[in-house]
Amino acid sequence: MADITVMGAGIFGLSVAWTCAARGARVRVIDPGGPGAGASGGVVGALAPHVPEKWNDKKAFQFDSLIMAETFWASVAEASGESPGYGRLGRLQPIADEAALGRATARAATARDLWQGKAEWRVIPAREGWAPFSPTGYLIEDTLSARLHPRRACAALVAAIRAKGGEVVTSGAPEGRVIWATGVAGLQELSGAHSRSVGAGVKGQGALLAYDAATLPQLFADTLHVIPHADGTTAIGSTSENTYDDPDSTDALLEAVIARARAAVPALADAPVLARWAGVRPRSRSRAPMLGAHPLRSGEFIANGGFKIGFGMAPKVGQVMADLILDGVDAIPEGFHPEASY
């Protein structure tokens, strides 16, 4: 019999299940669609921080999680024998004008305090090659950003959970303590029980290009993430669509993203498109992860609302949810509790 059942095999569900399994719990994960069937089965995989200023619980939580990520994903790789494609290779961003240059320089100073000497944010001269065009001749370089391959990360988590004796299945009865990590469907259930929406799905589209920059940093230019993967491909994305007709189809919006990425990063100008992807990401009304006691299911728990930063938040989400479920210790920021989205 399982001690813990996680309903949902996206990144939050799998990370909670893995952390509980690593602490000795018997774990069952149930998802009719299989692992990474929703937004977690994407192609981008940018683990990037918020700007180091106006610090709050969300930024602090994300920082802690990004620092934890190397150890977290190394443990997953060791247990599973599979690579999640993790690499902390940093990020480059162009600086558009003199005002932006002033802000970037000021943030380099705040990062020295807020990032506790564990990572750097700095302004550097622009360079040729693998870098976005920068009108000012300067770039922001940070050493906190990392990348992973979403699909491979989910597969590695599944293998790691099974290596610890856990189950990842498409059907079955929940046993033990139950955590609901059901993404957009879970937000729809909560919204249906309240007088207003507590969250919704936001469609995103991304693409995978045949360009090998595996040892190079990710780029952020023209609001797009450009992520070199360890397998020799490069991902670009993504759109943010609040209204859409088909959640799983790609269209002209993605073609525009591809064109913008080629313009911003000349190295990608002739790179063939290997794959296109679309999916719907769960965004809570508060825009923070929704963690803690489930508001509709007495004695059960919720982990939802990862939106664009689910993979970056996952190590810390797994930790605080395991602390709560296994040890009764609630270290979840107040703004992450479900009621923050009511």
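User: Which residues are linked with Arg23 in a network of salt bridges?
Analyst: This is a predicted model. In it, a network of salt bridges takes in Arg23 and two aspartates. Those partners are Asp323 and Asp327.

User: How many salt bridges does the count come to?
Analyst: A pair qualifies when a side-chain nitrogen of Lys or Arg is within 4 Å of a carboxyl oxygen of Asp or Glu. By this rule the count is 14.

User: How many residues apart are Glu167 and Arg28, which form a salt bridge?
Analyst: The closest N and O atoms of Glu167 and Arg28 are 2.7 Å apart. Glu167 sits in strand 8 (residues 167-169), and Arg28 in strand 2. The pair therefore links distant parts of the chain. Their separation is 139 residues.

User: Is Arg28 buried or exposed?
Analyst: Buried means under 20% relative accessible area. Arg28 has 13%, so the label follows from the cut-off. Its partner Glu167, at 33%, is partly exposed. Arg28 is buried.

User: Which parts does the salt bridge between Lys316 and Asp64 tie together?
Analyst: The closest N and O atoms of Lys316 and Asp64 are 3.6 Å apart. The two residues are 252 apart in sequence. Lys316 counts as buried at 15% relative accessibility, while Asp64 counts as partly exposed at 30%. The parts tied together are helix 7, which holds Lys316, and helix 2, which holds Asp64.

User: What is the N to O distance in the salt bridge of Arg122 and Glu120?
Analyst: The side chains of Arg122 and Glu120 meet in this bridge. Arg122 is partly exposed at 27% relative accessibility. Glu120 is partly exposed too, at 45%. The N to O distance is 2.8 Å.

User: Which residues touch the most other members of the largest nonpolar core?
Analyst: This core has 62 residues. Elements giving two or more residues to it include strand 1 (4-7), helix 1 (11-22) and strand 2 (27-30). The residues that touch the most other members are Val27, Val29, Trp73, Leu291 and Met321.

User: Which element gives the largest share of this core?
Analyst: Several elements give two or more residues, among them helix 2 (57-80), helix 3 (98-114) and helix 7 (310-327). The largest share is 9 residues. It comes from helix 7.

User: Which residues is Met321 in contact with, leaving aside neighbours within four places in sequence?
Analyst: Met321 is among the core residues that touch the most other members. Its contacts beyond those neighbours are Val16, Ile179, Leu291, Gly292, Phe301, Ile302, Ala303 and Ile332.

Conventions
Residues numbered from 1 in each chain as written. Predicted model: local features only at pLDDT ≥ 70, side-chain atom pairs only at ≥ 80, totals over all residues. Heavy atoms only, no water. Core = buried A, V, L, I, M, F, W, Y, C linked by side-chain atoms within 4.5 Å. Buried < 20%, exposed > 50% of the residue type's maximum accessible area, 1.4 Å probe, protein only. Helix = DSSP H or I, 4+ residues; strand = E, 2+ residues; numbered from the N terminus. Contact = heavy atoms within 4.5 Å.
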